[in-house]
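Work through the exercises below with the structure in view. Try each task before reading its solution.

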Amino acid sequence: MRKFETLLLISPELPLDAREATLDKIKGVVERSQGKISEVDVWGMRDLAYPVQKQHRGYYVRLEYLGPGEIVAELESNLRITEGLLKFMTVKLEDEMEGGAN
């Protein structure tokens with residue numbers, strides 16, 4: 001299993017219950033794809049460096065999860081059609097190094 005991180009930028013116009021429903025849907029996609037959520041880090045509302053879809057603020061959430069390589073394609077295809085999601089980015093995290101640094 002590989003370790004991934006996805007950063008989500010959610011529209012500030014999305015109400016709290018819709019934001020939570022969106023996050024639950026995303027967690028469900030990860031779990032259905034034989035993945036396991038290891039951390040959900042809510043950064044909250046932040047000012048954006050530049051407007052995104054005419055928005056100057058956004059709600060950030062960082063997800064860290066374990067899963068097979070195919071999980072990213074499945075998750076991102078679902079993210080593309082999710083209402084209220086402005087942007088997202090997924091990266092593969094480096095595997096833990098065993099032993100010490102040489």
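Contact means heavy atoms within 4.5 Å. The model is predicted: local features need pLDDT of at least 70, side-chain atom pairs count only at pLDDT 80 or more, and totals for chains, interfaces and linings use all residues. Residues are numbered from 1 along each chain as its sequence is written, and side-chain values use heavy atoms, without hydrogens and water.

**Exercise 1.** Place Ser-33 and find which residues it touches, not counting residues up to four places away in sequence.

*Solution.* Start with the loop between helix 1 and strand 2 (36-52): Ser-33 is found there. Helices (H or I, at least four residues) and strands (E, at least two) are DSSP runs, numbered from the N terminus. Next, check burial. Ser-33 counts as buried because its relative accessibility is 14%. Buried means under 20% relative accessible area, exposed over 50%, partly exposed in between (1.4 Å probe, protein chains only). Now list the contacts: Ser-33 touches Pro-68, Ile-71 and Glu-74.

**Exercise 2.** Which residues of helix 2 (residues 71-80) are buried?

*Solution.* Ile-71, Val-72, Leu-75, Glu-76, Asn-78 and Leu-79 are buried. They share one side of helix 2, because they cover an arc of only 160° around the axis. The arc is that of the directions from the helix axis to the C-beta atoms. On the face turned away, find the exposed residues Ala-73 and Arg-80. Finally, look at the cover over the buried residues: it includes strand 1 (2-10), helix 1 (16-32), strand 3 (55-67) and strand 4 (85-92).
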